[in-house]
Amino acid sequence: MSAGKRGALIIFEGCDRSGKTTQSRLLVELLKSKGIPALPMNFPERSSSIGQVINSYLTNSKDLKDEVIHLMFSANRWEHMNQMKQKLLEGHTLVVDRYSFSGVAYSSAKGLDFDWCYAPERGLIKPDAVFYLRAPPNDLTNRGQYGEERYEKVEFQSRVAKVFDRLCANEASYWHQFDASQPVDELHARIASITEELLPTVATQPLDTL
Ligand code: T5A
Ligand code: NA
């Protein structure tokens, strides 16, 4: 990629088992096959020391106050910001499985205040696009391994979905909503076409913050 052209920050969001990992993998493979530098990432990033605490929490082996785990999820994003910024400016497109909006959605679904939840996300790199994979939580429960982690309960996921809907309406300028129930290949084709339009557009735009 030529000097001064940055990569795009692309985020996948949605409830548990909505297909984020499947779609983000397909998108990275497609971009690479076209010679576009692309890197996959996901949050929580479970390998750091903060990430290991988050993992213990999610697998139910550790209990933490709602506010404490919320701030740890946010800190886990902050600890990767410099590296992400550097990669984007070098021309890599980052395809990220979950970001700040999962932080806001899951914690507000527990009853924490929406604005309080959003506050620690302010200042993180703003995505160029959020691909929101939306489906009624009831439709997702028959997908693989549903129900093993802490948040995988239909009633809770319905509350999470409502917050994602609110975020999608608030941040409509860069959110793209998709029906997550459609076949994997059709969904991928739609996502690929939006991404191909997006990359040249953002390449010369400065990075912004949430
Ligand atoms: N969390 C996360 C917070 O509370 N705060 C935060 O700040 C952050 C970042 C872990 C949990 O942490 C919470 C949210 C989560 O509860 P995670 O590790 O991303 O987050 O875990 P999950 O969202 O559960 O990720 P999954 O990998 O389980 O779900 P995906 O990635 O959405 O779904 P995927 O692609 O793995 O697909 C699930 C199954 O469905 C099939 C797949 O083959 C697979 O079996 N599938 C489809 N089936 C039919 N049609 C399609 N279109 C399909 N697409 C995929
Ligand atoms: Na995932």
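A residue is taken as buried here if 20 or more other C-beta atoms lie within 10 Å of its own. The model is a predicted one, and that cut-off is a handy way into it, starting with helix α5. Every one of the residues listed for this helix passes the test: Ser-100, Phe-101, Ser-102, Gly-103, Val-104, Ala-105, Tyr-106, Ser-107, Ser-108 and Ala-109 are the buried residues of α5. Put as a tally, 10 of its 10 residues are buried, so the helix is mostly covered. The cover includes β1, α3, α6 (114-118), β4 and α8. Just past the end of α5, Gly-111 takes a positive phi of about 115°.

One of the elements covering α5 is α6, and this helix holds Trp-116. Trp-116 has 13 other C-beta atoms within 10 Å, and therefore comes out as partly exposed. Between Trp-116 and Val-104 there are 8.8 Å in space, C-alpha to C-alpha, for a separation of 12 residues in sequence.

Helix α5 also turns up around the ligand. The shell of ligand 1 counts 24 residues, and the closest are Gly-19, Thr-21, Gly-103, Tyr-106 and Gly-144. Gly-103 and Tyr-106 are also on the list of buried α5 residues. Three helices, α1 (20-33), α5 (100-109) and α9 (184-202), each give at least two residues to the shell. As for chemistry, the shell is a mix of 9 nonpolar, 8 polar and 7 charged residues.

What about α1, another of the helices that supply the shell? Its 14 residues should span 20 Å at 1.5 Å a residue, and the end C-alpha atoms are indeed 20 Å apart, so expectation and model agree. Seen down the axis, the buried residues of α1 fall within an arc of 100°, and so they line one face of the helix. Those residues are Lys-20, Gln-23, Ser-24, Leu-27 and Leu-31. A general point about helices helps here: an α-helix has 3.6 residues a turn, so residues three or four places apart point the same way. The buried residues of α1 pack against β1, β2, β3 (93-97), β4 (129-134) and α9. Just after this helix, Gly-35 has a positive phi of about 80°.

Moving to the nonpolar interior, the largest nonpolar core has 37 residues, and Ile-10, Val-96, Ala-105 and Phe-131 touch the most other members. At least two residues of this core come from each of β1, α1, β3, α5, β4, α8 (154-170) and α9. Phe-131 gives a feel for how distant parts of the chain meet: leaving aside neighbours within four places in sequence, Phe-131 is in contact with Ile-10, Phe-12, His-176, Phe-178 and Ile-191.

A few backbone oddities sit in the loops. Arg-17, in the loop between β1 (9-14) and α1, has a phi near 70°, a positive value in a residue other than glycine. Asn-60 is not a glycine either, yet has a positive phi of about 70°; this residue is found in the loop between α2 and α3 (66-78). Are these two buried or exposed? Arg-17 has 23 C-beta neighbours inside 10 Å and therefore counts as buried, whereas Asn-60, with 10 other C-beta atoms within 10 Å, is exposed. Another feature to look at is the cis peptide bond that joins Phe-43 and Pro-44, with omega about 0°. Pro-44 belongs to the loop between β2 (38-42) and α2 (49-58).

Two serines round off the picture. Ser-49 lies in helix α2 and has 8 C-beta neighbours inside 10 Å, so this residue counts as exposed. Ser-49 and Leu-133 are 84 residues apart in sequence and 30 Å apart in space, C-alpha to C-alpha. Ser-173, for its part, is placed in the loop between α8 and β5 (175-179). With 5 other C-beta atoms within 10 Å, Ser-173 is exposed. From Ser-173 to Asp-128 the C-alpha to C-alpha distance is 9.6 Å, although 45 residues separate them in sequence.

Methods
Residues are numbered from 1 along each chain as its sequence is written. Chains are lettered from A and ligands numbered from 1 in the order in which they are written. This is a predicted model: local features need pLDDT of at least 70, side-chain atom pairs count only at pLDDT 80 or more; totals for chains, interfaces and linings use all residues. A residue is near a molecule or strand if its C-beta atom, placed from the backbone, lies within 6 Å of it. Helices (H or I, at least four residues) and strands (E, at least two) are DSSP runs, numbered from the N terminus. Ala, Val, Leu, Ile, Met, Phe, Trp, Tyr, Cys and Pro count as nonpolar, Asp, Glu, Lys and Arg as charged, and the others, Gly among them, as polar. A residue is buried if 20 or more other C-beta atoms lie within 10 Å of its own, exposed if 12 or fewer, and partly exposed in between; C-beta atoms are placed from the backbone. The expected span of a helix is 1.5 Å times one less than its number of residues. The arc is that of the directions from the helix axis to the C-beta atoms. Two residues are in contact if their C-beta atoms, placed from the backbone, lie within 7 Å. A nonpolar core is a set of buried Ala, Val, Leu, Ile, Met, Phe, Trp, Tyr and Cys residues joined through C-beta atoms within 7 Å.
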